[in-house]
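Work through the exercises below with the model open. Try each task before reading its solution.

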Amino acid sequence: MPGLVSVKTPPDASPLTISVTEAGSVSESRNSKFASSTPKKTPSPSTSRSRPSPDRKKKPPESPVLDESSLDNPDLGPFLLKLARDAIASGDGPNKALEYALRASKSFERCAAEGEPSLDLAMSLHVVAAIYCSLGRFEEAIPVLERAIGVPEVARGADHALAAFSGYMQLGDTFSMLGQVERSIHCYEEGLKIQIEALGETDPRVGETCRYLAEARVQAMQFDEAESLCKKTLEIHSVHSEPASLEEAADRRLMALICEAKGDYESALEHLVLASMAMIANGQDNEVAAIDVSIGNIYLSLCRYDEAIFSYQKALTVFKSSRGDNHPSVASVFVRLAELYYKTGKLRESGSYCENALRIYAKPVPGTTAEEIAGGMTEISAIYESINEPEEALKLLQKALKLLEDKPGQQSTIAGIEARMGVMFYLVGRYGEARSSFESAVAKLRASGERKSPFFGVVLNQMGLASVQLFKIDEAVELFEEARGILERECGPCHQDTIGVYTNLAATYDAMGRVEDAIEILEYVLKLREEQLGTANPDFDDEKKRLSELLKEAGKARNRKAKSLQNLIDPNSKRTKKETKRWSGLGFRIG
């Protein structure tokens with residue numbers, strides 16, 4: 001699935017793509033594995049491959065003149081798919097290939113026996129959708145794949161099951177490229193159901209799909225579901241693979257990522273050590289180094305700084321010797337060391353490592369992806385934010401955003417960067433730009449189906465604060481109310497982010513003259529603190545004092561003039577600073 005994060009699949013696994021083979025059939029790699037448990041790499045219809053020199057370049061096949069009646073010829077469909085393959089192989093014919101593939105699908109549809117599902121039609125639709133995706137026209141690929149899914153009848157046997165499975169997985173990948181994570185997960189789940197029905201629950205190919213779905217769950221921050229799927233994958237591979245296999249190592253790296261996200265650092269460390277042993281047994285030195293970086297991250301989370309430094313330095317030595325001093329993997333270790341030295345109070349060393357990483361990102365070696373550079377810059381910006389250099393952090397975020405703005409499948413990542421930019425703008429008093437950044441992030445998160453995540457609720461809260469500073473009170477109330485609903489449902493009423501929204505909403509109600517609503521919220525907050533959270537929090541006295549004032553005023557004239565917003569939500573107050581730090585503390589990262 002394009003856009004999935006980092007460490008989950010073996011280094012030799014090929015991406016899920018659809019390409020036209022010599023025989024005009026469709027080859028599905030990595031997940032379409034009913035026929036073979038070993039994925040075969042197939043050429044991609046992407047036009048990004050290097051073109052041959054002009055004197056050696058083949059001419060693309062000329063378009064044959066076809067009338068509609070010729071589409072009734074049953075030999076025409078395979079012939080047109082072969083022309084599509086030739087156009088793709090020539091390096092400069094994706095649009096012509098699309099024309100051939102569309103005609104092939106029409107021919108297969110017209111030649112299909114009445115009442116009989118045509119697998120040739122389903123296959124040709126998969127090819128059409130793949131070409132649309134290679135052209136970046138993902139929205140047009142979706143209805144084609146939805147139509148393809150409806151063609152096969154799974155009850156008719158393995159061939160139909162394979163066609164349906166492949167269609168669902170390809171559709172899931174396409175939704176993922178559009179940033180619609182929930183819809184992609186639904187498609188993967190449907191594909192997995194079909195595969196289990198056809199192959200059984202313990203087939204190793206089912207294990208591969210379970211891990212694929214687990215990766216998507218991780219991307220959606222659905223860690224409990226991801227953990228369940230990853231455990232199932234480990235169980236399957238323990239039966240069908242040799243001990244310390246590459247498959248087991250990939251499963252354990254994913255499980256470590258899930259455990260780390262859930263705060264279970266000891267379990268994460270155990271899985272990483274086992275994965276490292278498996279990679280050592282298979283002679284995968286670079287992968288061992290990558291795991292050492294992950295182990296260092298766990299030690300850093302556990303404040304075991306000396307062990308973290310040792311792990312990072314081990315990885316750094318391997319990356320420098322095998323990939324060179326200017327490889328992005330070297331820069332990524334510099335970033336980790338910069339964070340470590342910041343946390344230990346060694347700001348000079350931290351700054352030096354940040355500068356070393358930025359020098360590598362400024363002159364990337366060939367093969368470095370924009371995602372790698374943007375991810376590193378985003379992490380460095382978090383360090384600059386922590387040492388109170390918001391302007392420098394903002395510059396790096398803007399560079400990262402520019403790198404990703406035209407990349408498909410990066411909507412959620414871009415939204416995260418825009419949200420952080422909003423925080424930076426807010427910190428330096430540029431409230432209009434802050435609100436615009438939050439608004440753009442909110443729109444992308446809504447479109448990608450993440451409107452139920454805690455992160456979305458926190459971004460709404462931040463946008464509400466920016467709206468308050470711009471005196472857009474009605475808008476702020478709507479944002480705070482939506483954020484409250486999300487955070488109450490996802491985090492519970494006692495979570496610090498939910499409490500923060502409560503107090504912001506109470507202050508805004510007070511500013512609008514809705515004293516009773518403000519009193520109701522503050523009474524609820526104080527009750528939560530007294531009965532469940534404790535009263536030692538320094539905000540307790542402030543909230544109690546504010547409630548007392550509101551209760552006194554409620555006994556006076558009800559049409560009182562609203563308080564100045566500067567007195568209610570002061571940009572320099574402890575509350576506003578706290579909410580900003582609370583957001584950045586979520587540690588939202590790329591990659």
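## Exercises on a helical chain

V273 sits in helix α10, residues 265-281. Helices here are DSSP runs of H or I with at least four residues, strands are E runs of at least two, and both are numbered from the N terminus. The model is predicted: local features need pLDDT of at least 70, side-chain atom pairs need pLDDT 80 or more, and totals for chains, interfaces and linings use all residues. Residues are numbered from 1 along each chain as its sequence is written, and side-chain values use heavy atoms, without hydrogens and water.

**Exercise 1. Place V273 on the surface and find its nonpolar partners.**

Step 1. Take the relative accessible area of V273, which is 37%. Buried means under 20%, exposed over 50%, and partly exposed in between, with a 1.4 Å probe and protein chains only. V273 is therefore partly exposed.

Step 2. Look for a patch. Members need over 30% relative accessible area and no salt bridge; like charges are joined within 9 Å, and nonpolar side chains (Val, Leu, Ile, Met, Phe, Trp, Tyr) within 5 Å. A salt bridge puts a side-chain nitrogen of Lys or Arg within 4 Å of a carboxyl oxygen of Asp or Glu.

Step 3. V273, L274 and M277 form such a nonpolar patch, with about 240 Å² of accessible area together. Areas follow the Shrake-Rupley method with a 1.4 Å probe, and for residues only the protein chains shown count as cover.

**Exercise 2. Describe the whole chain by helices and strands, then by burial.**

Step 1. The protein chain has 25 helices and two strands.

Step 2. Of its 591 residues, 51% are buried.

**Exercise 3. Locate M221 and A244, and state the sign of phi for each.**

Step 1. Start from the rule: most residues other than glycine have a negative phi.

Step 2. M221 has a positive phi of about 60°. M221 belongs to the loop between α7 (204-219) and α8 (223-240).

Step 3. A244 also has a positive phi, near 60°. The loop between α8 and α9 (246-261) holds A244.

Step 4. Check exposure. M221 is partly exposed at 37% relative accessible area. A244 is partly exposed at 31%.

**Exercise 4. Count the aromatic pairs and classify two of them.**

Step 1. Rings of Phe, Tyr and Trp (its six-membered ring) pair if their centres lie within 6.5 Å; planes under 30 degrees apart are stacked, over 60 edge-to-face, the rest tilted. The count is five pairs.

Step 2. The ring centres of F334 and Y353 are 5.7 Å apart and the planes stand at 40°, so this pair is tilted. F334 is in α13 (residues 328-343) and Y353 in α14 (residues 347-362), so the pair ties together parts 19 residues apart in sequence. Both F334 and Y353 are buried.

Step 3. For Y502 and Y524 the centres are 5.5 Å apart and the planes at 75°, so the pair is edge-to-face. Y502 lies in α21 (residues 496-512) and Y524 in α22 (residues 515-533), so the pair ties together parts 22 residues apart in sequence. Y502 is buried at 2%, whereas Y524 is partly exposed at 35%.

Step 4. F334, Y341 and Y353 form one aromatic cluster.

**Exercise 5. List the contacts of I380 beyond its sequence neighbours.**

Step 1. Count heavy atoms within 4.5 Å as a contact.

Step 2. Leave aside neighbours within four places in sequence; I380 then contacts V335, C354, A357, L358, Y361 and L396.
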